[in-house]
Each structure stands twice: as structure tokens, then as C-alpha cells.
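Please open the model in your viewer and keep the selection tool at hand. The tour moves from one selection to the next and says what can be found at each stop.

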Amino acid sequence: MLKEMGFYKGVNLGGWFSQCDYSRERLDNFITEKDFAQIAAWGFDHVRIPIDYNLIQNRDGSMIEEGLARIDRALALCEKYGLHTVLDLHKTQGFSFDAGEKEEGFFRNEDDQEKFYAIWDCFARRWGDRADRVMFELLNEVTEKAYLPDWKRISRECVRRIRQSAPEVLVLLGSYQWNSARTLPELEAPYDSRVLYNFHFYEPHDFTHQGAYWEAPYRDISPRYTYAESGAGEAYFEDFLRPALEKAEKEGTELYCGEYGVIDVVPPQEAVKWFRDLHKVFQRHGIARSLWSYKEMDFGLQDARMDGVRQELLELL
């Protein structure tokens, strides 16, 4: 379904409406029309746009029209260049995958949950009639297993409310441990046939995140840690993803990988080896995906360091 609908080969616009300083300079100029043109020219069929709640929602739960209008403009550019769009709520009031954001209490705070529902009710009313070209991702990377029972309840209620205005739009649902494929089998059956399972993939983490300044366990891993030394390969990826594939088959739905990539500390040629084997597995199982990330954000495909391998990488995608 996702391949036929044009949600098969995508790239993230990370750092634009999320994980940024939210300055007008950033919001106006980090991603522009020429970037949408470039993404289409590279052969991608969709983009995933991470969005932080504070761009579109005040602390009292009211919506910010200026922020919503920015999404309108992004969607118009997607349509102009033949790209479909995943709208990803990257941060909501009371929760962020990044502990440094100091957003706490969402899973036990009914007021924060109502604000979360209000965002998706707004999205459903504003863009839910574009089910042929817009997909919704409820929340980026639930972290702790302890949150899962509440997350099951919240996500189900959220889909129920979305369906009141947007009965046909596809909805992506991920599990805990930062959207791990390993924890996906612990999700319940999808609310309906238009809900798909979502995961992120950065395995083995000590290869894809070596030298990551924001993650203490990986900060000091040598940047000379090669793909061959990582123990990864097609068999490793198949084994890691098998439980998620079996769960999706059991529930009669599909898998979508919303993020995957290799940090810029890794030499580009070593990164390409990882992408080559992972894409063989993705293609073998028809797994739709969106690369992290188009520009900068420590993983940028557009960055100058990728000039020598970018065409080779694009051919693998």
C-alpha cells in the first residue's frame, strides 16, 4: 500500500520545525523551495516533517495560526514537486524523546493528553482530507517501557478522535525504547486498517552513533570503528527486524521506518556499506522508509562530506 501511495522512499526534514531555536531566520530559511526541488530530483517520493508542539500550540492548548500556516506552505511545496508528506509530532506538551527538553508528565497528566488530542484534531480537520498524499505520525520515540500501557490507551483514543474528521488518512504508531523494532510486537492490534506500525532503525547503535556528543555511552567510541567490525550485515538486520515483520503480518498491516542513518563521524564509504545491506533487507520485505536526515543534524545527506558517495547512496535507496 505505501509503495503504491508514494510513501516508500523518503527523507526527513529534521531541524526545520523541530530540534531548533525556532527563530524566524531558521523557520524561513533552513529549508526552502530549492530543497524540495532537490529532494524530488534525487528521486524521493515523500518527506517526513518533524514538528514540535511549541511551533503550533500555546501552553494553554490554543493553536498558533502562524505555525500552522508554515505547515500549509510546506505541504503546498510538496504538492508542487510531487512529494507526499508525513507529519510527525516530534514533541508534545509533557513529553520529548530528548530528556534535555525537560518535558515531563505527559503519560499521567490528562491536561497534557487533551492538548495532544487537540493537536491531532486540528491536523485531522485541516489536512485529513488529503489522505492520498499526507500521513500522520502520532508521536516521535516513546522512551520508557513504563509508559507503554498509557501510550496504548492514549494512542487508541487519539486515533478515535482523528477518525471523526479524517476517516481515511494513514496513521503511524510506534512502540517504546525510542521506536525500536524490537519492542514493536508489544503493541496492540491497530485501531483500524489505516493504522500502520512505525519504527526507527539505528542498529548497531555503537556503529551508527559512534562519537555522538549527546549520548554518553557512544561519545568516546572511536570514529575508526568500521562497518566490518560492527558485526552488522544482512543476516543481522534480518534477525533484528524479524519480530516486527511477524507482528505486522499477524495484524495484517505494514511497517514504516521513519528514521534511519549513520552519524557524520563515520567515514562516508563506511556508511554506504551499512546502507547497502540494510536496503537489501528493506527492499526484500517491502519496508517503506525515510532517511535521517536531508540536511545537517549530524546525519545530513546534503552535506558536503557526502559529495563523493551521494550518487552511489541515492542509487541504493
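Select E137 and its surroundings: leaving aside residues up to four places away in sequence, E137 touches R48, V86, L87, D88, L89, W120, L172, N179, N198 and H200, where a contact means heavy atoms within 4.5 Å. This is a predicted model, in which local features need pLDDT of at least 70 and side-chain atom pairs count only at pLDDT 80 or more, while totals for chains, interfaces and linings use all residues. Residues are numbered from 1 along each chain as its sequence is written, and side-chain values use heavy atoms, with hydrogens and water left out.

E137 belongs to strand β5; helices (H or I, at least four residues) and strands (E, at least two) are DSSP runs, numbered from the N terminus. With a relative accessible area of 1%, E137 is buried, on a scale where buried means under 20% relative accessible area, exposed over 50% and partly exposed in between, for a 1.4 Å probe and protein chains only.

Now widen the selection to the whole of β5. In a regular strand the side chains alternate between the two faces of the sheet. Both faces of β5 are covered, since V134 and F136 on one side and M135 and E137 on the other are all buried.

Which strands run parallel to β5? One is β3 (residues 84-92), joined to β5 by four bridges, and another is β6 (residues 170-174), which pairs with β5 over three bridges; two strands pair if DSSP finds at least two bridges between them. F136 is a useful residue to click on here, as L87 stands opposite F136, and in β6 the bridge partner of F136 is V171.

**Helix α3**

Next, select residues 33-41, which form helix α3, and colour D35, F36 and I39, which are buried. These residues lie on the same side of α3 because they cover an arc of only 100° around the axis, the arc being that of the directions from the helix axis to the C-beta atoms. The buried residues of α3 pack against β1 (9-12), β2 (46-52) and α5 (65-80), whereas the face turned away from the buried side carries the exposed residues K34 and A41. Just after α3 comes G43, which takes a positive phi of about 95°.

**Helix α12**

Move on to residues 234-251, which make up helix α12, with 18 residues and a reach of 25 Å from its first C-alpha to its last, close to the 26 Å expected at 1.5 Å a residue; the expected span is 1.5 Å times one less than the number of residues. Where does α12 bend? A bend of about 45° is found at L241, and a proline, P243, follows within four residues; the bend at a residue is the angle between axes fitted to the seven residues ending there and the seven starting there.

The buried residues of α12 are F237, E238, F240, L241, A244, L245, K247 and A248, and what covers them includes β7 (195-201), α11 (227-230), β8 (255-260) and α13 (268-285). After α12 comes G252, whose phi is positive, near 70°.

**Salt bridges**

For the last stop, show the charged side chains: the count comes to 30 salt bridges, each being a side-chain nitrogen of Lys or Arg within 4 Å of a carboxyl oxygen of Asp or Glu.

Staying with α12 for a moment, select E234, which forms a salt bridge with K280, the closest N and O atoms being 3.7 Å apart. This pair links distant parts of the chain, with E234 in helix α12 and K280 in helix α13, 46 residues apart. E234 counts as partly exposed at 26% relative accessibility, and K280 counts as partly exposed at 36%.

Then select R163 and D192, whose closest N and O atoms are 2.6 Å apart in their salt bridge. R163 lies in helix α7 and D192 in the loop between α8 and β7, so the pair ties together parts that are 29 residues apart in sequence. Is R163 buried or exposed? At 12% relative accessibility R163 counts as buried, whereas D192, at 22%, counts as partly exposed.

Finally, K145 and E186 meet in a salt bridge of 4.0 Å, N to O. K145 is in the loop between β5 (134-137) and α7 (148-165), and E186 is in the loop between α8 (176-179) and β7, 41 residues apart. K145 is exposed, with a relative accessible area of 52%, while E186 is partly exposed, at 30%.
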